[in-house]
Structures are given as structure tokens and as C-alpha cells.
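Q: Could you take me through the reading of a protein model, one feature at a time, with the general idea first and the particular case after it?

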Amino acid sequence: MGGTLEYLSGLLGGSGGHGHGKMKRRKQLQTVELKVRMDCEGCELKVRSALSSMKGVESVEINRKQQKVTVVGYVEASKVLKKAQSAGKKSEIWPYVPYSLVSQPYVAGTYDKRAPPGYVRSAEPGYVVATPGQQQQVGRPQDHLTDMFNDENPNSCSVM
């Protein structure tokens, strides 16, 4: 029964007459966040018009204070980044994560004084990053379980 429906829908869809033609894969709806350097309303308008003109873009939200651009649509992140850069603006993929998702927000590679309030730079490899619903454990290479209670380690935990 399912094969019959697929065959008939292929005939009605006009995919070559047999219904066995290659199906074009549709892109998934994505949210792409960029950090784009914008100083004035003119910059904002230039970025908005460039990104809105892309095929598959559903919406473009711009927060000039945070210099954050959020694009929602059936687009690829790399193409959105290239389009923002072609508008003449310095752009990069949004490098920050919410403060609450990082276990050690003041570590040298994570803390960034230029980050918007409530955000820190994405955690450097080797630290614990907590994501909503799950916690991904990434330990530093020099921290081994056996060294945590070693008498020769000056930073070890002493239980006694």
C-alpha cells in the first residue's frame, strides 16, 4: 500500500513520469547567529538587505548593541557568513555561549571582556561544558583520576 502511494504521488508530482527520479533534498530550517561589526543604522540596513535577499531566508533579526545578527531560514551557515562579509562588514560565526552553560567562565580562554552581558566565549577544549539536558565531560589531559588523591600532587584532595 505504501509503495502505491509513493508511486502515485511521484506521478502527480511530475518527477519524470515514473516516480523513480532523484528526489531533491530539501534543506532544514536553521538558525544562524553571526557577530557582525555594525556602527550605525546604515550598517544595519546594509547587512539586513544583503541577508534578506538570500534565497531561503525567512527572517533576519539584528541587535546592534550586541553586534549580533540572527538569520532563520533554509540556508547554510557558511553561505550566510560569506554574504555578510560580501556586504563589506567584518563577520564571524557567533563565538559566545550563555554564561550559565560554562562550568568555568573566568578561565583565560573563556572569559572575554568584549562579550555581551550574560555571555562568555565558547569554552576551550579541555574544560567541562554543560549543555541543556546533558553534560558533556571533557577533562584536561593532566587531570587523571589517580592523581586526584595522590600524596605527591600538591593540588590533590586529601580525605582524612
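The dialogue below goes from the overall layout to single residues.

Q: What is the order of the elements in the protein, from the N terminus on?
A: This is a predicted model, and a reading can begin with its secondary structure. The protein has three helices and eight strands, and from the N terminus on they follow one another as α-β-α-β-β-α-β-β-β-β-β.

Q: Which totals describe the protein as a whole, such as its share of buried residues?
A: Of the 160 residues in the protein, 26% are buried. The protein exposes about 11900 Å², and carbon and sulfur atoms supply 53% of that area. As for contacts between residues at least 6 apart in sequence, 48% of them join residues at least 24 apart.

Q: How do I read one helix, and which residues of α3 are buried?
A: One looks at where the buried residues point around the helix axis. In α3, which spans residues 77-86, the buried residues are Val 80, Leu 81 and Ala 84. They lie on the same side of α3, because the arc they cover around the axis is only 100°. The exposed residues Lys 82 and Ser 86 are carried by the face turned away from that buried side.

Q: What covers the buried residues of α3?
A: The cover includes the strands β1 (30-36), β3 (68-73) and β4 (91-93), together with the helix α2 (41-52).

Q: Which residues call for a look at the backbone angle phi?
A: The general expectation is that most residues other than glycine have a negative phi. Gln 67, which is not a glycine, nevertheless has a positive phi of about 55°; its place is in the loop between β2 and β3, and with a relative accessible area of 19% Gln 67 is buried. A glycine with a positive phi, of about 90°, is Gly 88, just after α3.

Q: How many salt bridges does the structure hold, and how should I read them?
A: The general idea is that side chains of opposite charge can pair when their charged atoms come close. The structure holds three salt bridges. In one of them the side chains of Lys 68 and Glu 33 meet, at 3.3 Å from N to O. That pair links distant parts of the chain, with Lys 68 in strand β3 and Glu 33 in strand β1, 35 residues apart. Lys 68 is buried, at a relative accessible area of 10%, whereas Glu 33 is partly exposed, at 30%.

Q: Which residues are joined into one network by salt bridges that share partners?
A: Glu 44 forms a salt bridge with Arg 48, whose closest N and O atoms are 3.5 Å apart; both residues lie in helix α2, four residues apart, or about one turn of the helix. Glu 44 also forms a salt bridge with Arg 64, and here the closest N and O atoms are 3.2 Å apart. This second pair links distant parts of the chain, since Glu 44 is in helix α2 and Arg 64 in the loop between β2 and β3, 20 residues apart. Through shared partners, the salt bridges join Glu 44, Arg 48 and Arg 64 into one network.

Q: Is Glu 44 buried or exposed, and which residues does Glu 44 touch beyond four places in sequence?
A: Glu 44 is buried, with a relative accessible area of 17%, while Arg 48 and Arg 64 are partly exposed, each at 29%. Leaving out residues up to four places away in sequence, Glu 44 touches Met 38, Ile 62 and Arg 64.

Q: Why is there no bond between the sulfurs of Cys 40 and Cys 43?
A: One checks the distance between sulfur atoms, for which the cut-off is 2.5 Å. The sulfur of Cys 40 has its closest cysteine sulfur in Cys 43, 3.5 Å away, which is too far for a bond, and the structure holds zero disulfides. Cys 40 counts as partly exposed at 36% relative accessibility, and Cys 43 as buried at 10%.

Q: Where is Met 54 found, and which residues does Met 54 touch?
A: Met 54 is found in the loop between α2 and β2 (57-63) and counts as buried, at 15% relative accessibility. Not counting residues up to four places away in sequence, Met 54 touches Val 75, Lys 79, Val 80 and Lys 83.

Q: Which residues form a nonpolar patch on the surface?
A: Tyr 99, Tyr 106 and Tyr 111 form such a patch, with about 370 Å² of accessible area together. Tyr 99 lies in the loop between β5 (96-98) and β6 (119-121) and is partly exposed, with a relative accessible area of 37%.

Key: Residues are numbered from 1 along each chain as its sequence is written. This is a predicted model: local features need pLDDT of at least 70, side-chain atom pairs count only at pLDDT 80 or more; totals for chains, interfaces and linings use all residues. Side-chain values use heavy atoms; hydrogens and water are left out. Buried means under 20% relative accessible area, exposed over 50%, partly exposed in between (1.4 Å probe, protein chains only). Helices (H or I, at least four residues) and strands (E, at least two) are DSSP runs, numbered from the N terminus. The arc is that of the directions from the helix axis to the C-beta atoms. Contact means heavy atoms within 4.5 Å. Patches are made of residues with over 30% relative accessible area and no salt bridge: like charges are joined within 9 Å, nonpolar side chains (Val, Leu, Ile, Met, Phe, Trp, Tyr) within 5 Å. Accessible areas come from the Shrake-Rupley method with a 1.4 Å probe; for residues, only the protein chains shown count as cover. A salt bridge is a side-chain nitrogen of Lys or Arg within 4 Å of a carboxyl oxygen of Asp or Glu.
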